[in-house]
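Biologist: Could you walk me through this complex before I go back to the bench? I would like to start with how far to trust it.

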Amino acid sequence: MKGRYEDENLYWIPVLIIFVFLLPFILKGLSFSYKYYLFVLNMAGIYIILNVGLDLLSGFTGLLSLGHAAFLAVGAYSSAILVDQFGVPFALSLILSPLVAGLFGFVIGFPALRISGMYLGLTTMGFGFIVKRMIIAFREWTHGSGGLDVSSPVLFGYTIKTDWNNYFLIYTFVVIAVVAGRRIAKSKIGRAFMAIRDSEQAAQAAGINLAKYKMLAFFISGLFAGFAGVLFAHTSSFISTDHFDILLSIYFIIMILVGGVSSIYGAVLGTLFIVLLDNLFVPLLKDQIHFWFNTQAGDIQSLIFGLIMFLFIIFQPMGLYGMWLKMRIYWKLFPFNPRQRFT
Amino acid sequence: MTDLFLGLTQEIISGIALGSIYALIALGFTMIFKATEVVNFAQGELMMVGAYVNFFFVTTFLSAAGTPTAWTFLVALGGSMIFSVLFGYILDFIINRPLKDEPIFSVIMATLSLAIIIRAVVAIIAGPISLMPFSPFGDSAISFGTIIVSVLDLSIIGSAIGLVIIFYYIFHYTRWGIAMQATSEDPIAAQLMGIPIKRVYALVWIFSAVVATLSGILLAPRIALLDTSMGFLGLKAFPAAVLGGFGSIPGAIVGGVILGVIETVSMGTLSFHFQWIKEINDIIAWIVLIAVLMIKPDGLFGVEKVKKV
């Protein structure tokens with residue numbers, strides 16, 4: 001019997017995990033503004049959790065979702081309401097709120113049984129708008145569009161407050177989410193997802209229950225997004241409907257596309273790439289450009305972001321993970337590689 | 001009760017005007033999608049650019065000529081048309097050609113980042129302040145008995161109908177139009193029949209840029225404010241295109257008109273008469289869309305494809 005991970009090197013995974021948890025100390029040693037870096041990394045971590053789920057849905061199962069920020073919102077709001085208004089402990093809310101988001105996944109997964117492709121993308125986008133409107137409509141719990149203050153997470157009697165502590169909380173769950181995503185992708189469920197993506201008819205003929213696995217894909221994806229939402233609500237301490245814009249959903253799709261669809265590591269890489277690009281690299285460039293131009297800072301920032309994205313897609317259409325695969329093959333074949341194939 | 005019906009009739013007419021603009025934007029999407037299977041997320045931004053360029057021309061000619069005449073607007077319209085043809089050609093050159101054989105996802109990404117770029121460039125050039133676009137008709141209105149209709153709305157409906165007829169003629173009765181149809185049916189077979197599909201693709205992008213510009217020019221005076229958030233209206237044309245059936249040109253038009261009417265009516269009189277509509281009037285288009293798709297998963301006019309393994 002061939003092992004599930006036999007074709008991969010596993011020894012670097014513990015090294016990577018140790019590196020993830022040493023990173024704050026390294027950053028603190030290197031830079032004075034390490035707090036900002038940690039803030040950005042925390043945001044990236046939350047998005048990574050969500051994008052692993054989105055990749056399972058859109059990348060592996062091929063069900064395009066343009067409304068994933070809605071699942072994030074459901075997770076965030078349900079956790080905020082459960083903890084602050086019903087007095088549920090944070091640890092329990094970490095289990096309950098993702099379940100709520102997963103149930104929403106069921107609700108939206110139901111029409112998805114018949115709808116596919118761009119139609120599904122638009123349906124989920126509409127779902128995003130409807131959820132946003134629902135949050136505003138349930139004013140007595142959510143304070144409408146005014147936003148909601150959220151308490152800091154309390155785990156085992158400790159209150160987790162600063163970005164420094166949040167980092168360890170978030171990245172513990174990032175590691176869990178990535179490992180879980182890998183396990184799901186490599187399991188029977190993951191293979192069923194990929195079969196559905198490649199051909200629904202063939203999958204059905206092979207005995208895969210389409211309805212069950214499509215609903216499952218939405219449920220799992222909702223769970224991941226809800227999880228990210230809980231962490232988002234409690235670490236950012238304030239949520240409002242503006243945080244869960246339609247543009248955010250489109251950014252999520254951009255992130256997994258840049259990373260390369262249907263690979264969990266691709267989703268992680270893409271998320272890190274986009275978030276770091278948008279929050280660290282572009283502001284640096286922007287400061288340089290401000291010597292010559294004098295305009296609205298936000299416009300320059302989105303211009304640089306758009307340009308980098310555009311050039312990246314033109315020259316590297318397969319995404320970061322595709323680039324990495326090409327590089328790996330290049331080094332494997334090293335002295336005997338036909339050069340023109342790898343440029 | 002007569003109040004309600006009077007209001008409804010008036011709003012339905014103005015809804016048809018809004019819907020014709022949605023239909024035009026959706027027409028742009030649909031053409032690109034039919035020919036190249038690319039979903040152009042930058043369509044709303046193309047529309048915004050068109051509106052801005054037209055505004056620029058109109059103000060330049062006004063400051064040169066002094067008083068506004070019909071010629072000012074016509075010459076500005078011509079200028080914007082020339083610009084949009086060039087713009088569409090450039091878009092084909094920078095997006096469609098380099099990404100020809102890449103996965104569709106990459107092309108969609110390219111249009112998404114293009115939308116970001118266009119919005120930023122326009123914001124940098126035009127500044128953060130919203131502009132007040134001119135309308136050649138001012139705010140005059142015609143009254144039919146008790147129903148009052150603004151000339152602007154009528155002109156929008158009229159030009160939309162005219163455009164649709166022109167496009168219908170081009171698609172069905174000219175050489176290039178038939179070449180476009182053949183290409184969208186089967187690019188490889190079309191190429192084997194001697195159709196220069198590269199040029200056809202360029203033409204499709206040009207057409208869609210022209211339609212976007214025209215819809216921008218029509219829409220700008222109607223929403224009375226011109227700023228970069230106009231690009232987001234492109235997102236509203238998406239449900240229109242999907243409602244009618246993605247890739248179907250009559251579908252795009254019908255879907256656009258239906259959504260325009262629903263939106264206007266639910267925001268107006270009905271909100272005064274029924275309290276619960278007020279809660280949902282900004283998402284009612286989406287609710288209708290989801291309801292329709294649950295019954296007809298390929299939209300109203302979409303053709304159900306037989307899928308084979």
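**Confidence, fold and interface**

Modeller: This is a predicted model, and in chain A the mean pLDDT is 82, with 91% of the residues reaching 70 or more.

Biologist: Where in chain A is confidence lowest, and where is it highest?

Modeller: The lowest mean, 74, falls in strand β3 of chain A, residues 158-159, while the highest, 90, belongs to helix α10 of chain A, which covers residues 210-236.

Biologist: And what does chain B average?

Modeller: Chain B has an average pLDDT of 81, and 93% of its residues score at least 70. For the complex, the predictor gives an ipTM of 0.77 together with a pTM of 0.83.

Biologist: Okay, on to the fold: how many helices and strands are there in chain B?

Modeller: Chain B contains 13 helices and two strands. Those strands, β1 (residues 141-144) and β2 (residues 147-150) of chain B, run antiparallel and are joined by four bridges.

Biologist: Which residue is the bridge partner of Ser143(B)?

Modeller: Ser143(B) is partnered with Ile148(B) in β2(B). The hairpin that β1(B) and β2(B) form has two residues between the strands, and in this hairpin Gly145(B) takes a positive phi near 60 degrees.

Biologist: What is the radius of gyration of chain B, and what would a compact globule have?

Modeller: The radius of gyration of chain B is 20 Å, which agrees with the value near 19 Å that a compact globule of 309 residues would have. The C-alpha trace of chain B spans about 60 × 55 × 40 Å along its principal axes, and 48% of the 309 residues count as buried.

Biologist: What share of the contacts in chain B join residues at least 24 apart?

Modeller: That share is 74%, counted among contacts in chain B between residues at least 6 apart in sequence.

Biologist: Switching topic, how many residues of each chain are in contact with the other?

Modeller: On the chain B side there are 39 residues, in contact with 36 residues of chain A. The elements of chain B that give two or more residues to its side are α4 (104-126), α9 (233-244), α12 (275-280) and α13 (284-295).

Biologist: Which of them gives the largest share?

Modeller: That is α4(B), from which 14 residues of the side of chain B that touches chain A come.

Biologist: And how do the residues on that side divide into nonpolar, polar and charged?

Modeller: On the side of chain B that touches chain A, 31 residues are nonpolar, two are polar and six are charged.

Conventions. Residues are numbered from 1 along each chain as its sequence is written. Chains are lettered from A and ligands numbered from 1 in the order in which they are written. This is a predicted model: local features need pLDDT of at least 70, side-chain atom pairs count only at pLDDT 80 or more; totals for chains, interfaces and linings use all residues. pLDDT is the predictor's confidence in each residue, from 0 to 100. Two residues are in contact if their C-beta atoms, placed from the backbone, lie within 7 Å. Ala, Val, Leu, Ile, Met, Phe, Trp, Tyr, Cys and Pro count as nonpolar, Asp, Glu, Lys and Arg as charged, and the others, Gly among them, as polar. Two strands pair if DSSP finds at least two bridges between them. The radius of gyration is taken over C-alpha atoms; the globule rule is 2.2 Å times the number of residues to the power 0.38. A residue is buried if 20 or more other C-beta atoms lie within 10 Å of its own, exposed if 12 or fewer, and partly exposed in between; C-beta atoms are placed from the backbone.
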